Amino acid sequence: IMKKEKYDVIHVNGQSATMSVEMLAAKLAGCKLRVAHSHNSRCLHKKAHNMLKPLFNATYNDAIACSKEAGDWLFGDKPYWILNNAGWKLYFRTQQL
């Protein structure tokens with residue numbers, strides 16, 4: 001579907017590097033902007049998360065988190081936006097994208 005419809009953007013909500021499955025599909029389909037949105041500061045499937053983390057890091061190219069903790073958990077020292085659940089203010093972490 002993504003390849004046929006030629007989407008410009010995909011936004012995936014999740015809590016771990018398992019989002020790499022959707023991100024890889026979008027990248028292979030030619031989607032230019034692949035946004036990962038972190039909602040938690042931990043996950044229940046750490047082995048899968050750790051195994052998929054390198055693929056995840058190679059397939060997303062923009063990042064949003066619901067909190068600093070959620071962003072630090074999933075994106076580490078890479079830049080991400082914070083979009084708090086309680087409001088619509090966007091905060092930018094350390095660097096320019």
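A salt bridge is a side-chain nitrogen of Lys or Arg within 4 Å of a carboxyl oxygen of Asp or Glu, and the structure shown in these views, which is a predicted model, holds one salt bridge.

**View 1. The whole protein, with its four helices and five strands.**
Followed from the N terminus on, the elements of the protein run α-β-α-β-α-β-α-β-β. Of the 97 residues in the protein, 36% are buried, and the accessible surface comes to about 6,200 Å², with 58% of this area belonging to carbon and sulfur atoms. When contacts between residues at least 6 apart in sequence are considered, 53% of them join residues that are at least 24 apart.

**View 2. The salt bridge between the side chains of D72 and K68.**
The distance given for this pair, taken from N to O, is 2.6 Å, which lies within the 4 Å that a salt bridge requires. Both residues belong to helix α4, and because D72 and K68 are four residues apart there, about one helical turn separates them. An α-helix has 3.6 residues a turn, so residues three or four places apart point the same way. D72 is partly exposed, with a relative accessibility of 28%, and K68 is also described as partly exposed, with a value of 45%.

**View 3. The buried face of helix α4, which spans residues 68-75.**
The buried residues of this helix are A70, G71, L74 and F75. Seen down the axis of α4, these buried residues fall within an arc of 95°, and they therefore line one face of the helix. They pack against strand β2 (33-38), helix α3 (46-59) and strand β3 (62-65). Just after α4 comes G76, which takes a positive phi of about 60°.

**View 4. An aromatic cluster formed by F56, Y60, F75 and Y80.**
A pair of aromatic rings is described by the distance of the centres and the angle of the planes. A search of the whole structure finds four aromatic pairs. One of them joins F75 and Y80, whose rings are 5.8 Å apart from centre to centre and have 35° between their planes, so that the pair counts as tilted. Both partners are buried residues, F75 with a relative accessible area of 3% and Y80 with one of 0%.

**View 5. The surroundings of I64 in strand β3.**
I64 counts as buried because its relative accessibility is 14%, which is under the 20% that marks a buried residue. When residues up to four places away in sequence are not counted, I64 touches H11, V35, A36, H37, S38, F75, W81 and L83. F75, one of these neighbours, is also among the buried residues of helix α4. L74, another buried residue of that helix, lies ten residues from I64 along the chain, and the C-alpha atoms of I64 and L74 are separated by 9.9 Å.

**View 6. Helix α2 and its buried residues S20, M23 and A26.**
Seen down the axis of α2, the buried residues fall within an arc of 125°, so they line one face of the helix. What covers them includes helix α1 (2-5), strand β1 (9-14), strand β2 and helix α3. The face of α2 turned away from this buried side carries the exposed residues V21 and L28. The helix is followed by G30, whose phi is positive and near 90°.

**View 7. K32 in the loop between α2 (20-28) and β2.**
K32 is an exposed residue, with a relative accessible area of 66%. Leaving aside its neighbours within four places in sequence, K32 is in contact with D8 and N61. K6 lies 26 residues away from K32 along the chain, and yet the C-alpha atoms of K32 and K6 are separated by 9.6 Å.

**View 8. The cysteines C43 and C66, both of them buried.**
The relative accessibility of C43 is 8%, and that of C66 is 7%. A disulfide is a covalent bond between the sulfur atoms of two cysteines. A search of the whole structure finds zero disulfides, so no pair of cysteine sulfur atoms in this model lies within the 2.5 Å that a disulfide requires.

How values were computed:
Residues numbered from 1 in each chain as written. Predicted model: local features only at pLDDT ≥ 70, side-chain atom pairs only at ≥ 80, totals over all residues. Heavy atoms only, no water. Buried < 20%, exposed > 50% of the residue type's maximum accessible area, 1.4 Å probe, protein only. Helix = DSSP H or I, 4+ residues; strand = E, 2+ residues; numbered from the N terminus. Arc of directions from axis to C-beta. Contact = heavy atoms within 4.5 Å. Phe/Tyr/Trp six-rings, centres within 6.5 Å; stacked < 30°, edge-to-face > 60°. Areas by Shrake-Rupley, 256 points an atom, 1.4 Å probe, with all protein chains shown as cover.
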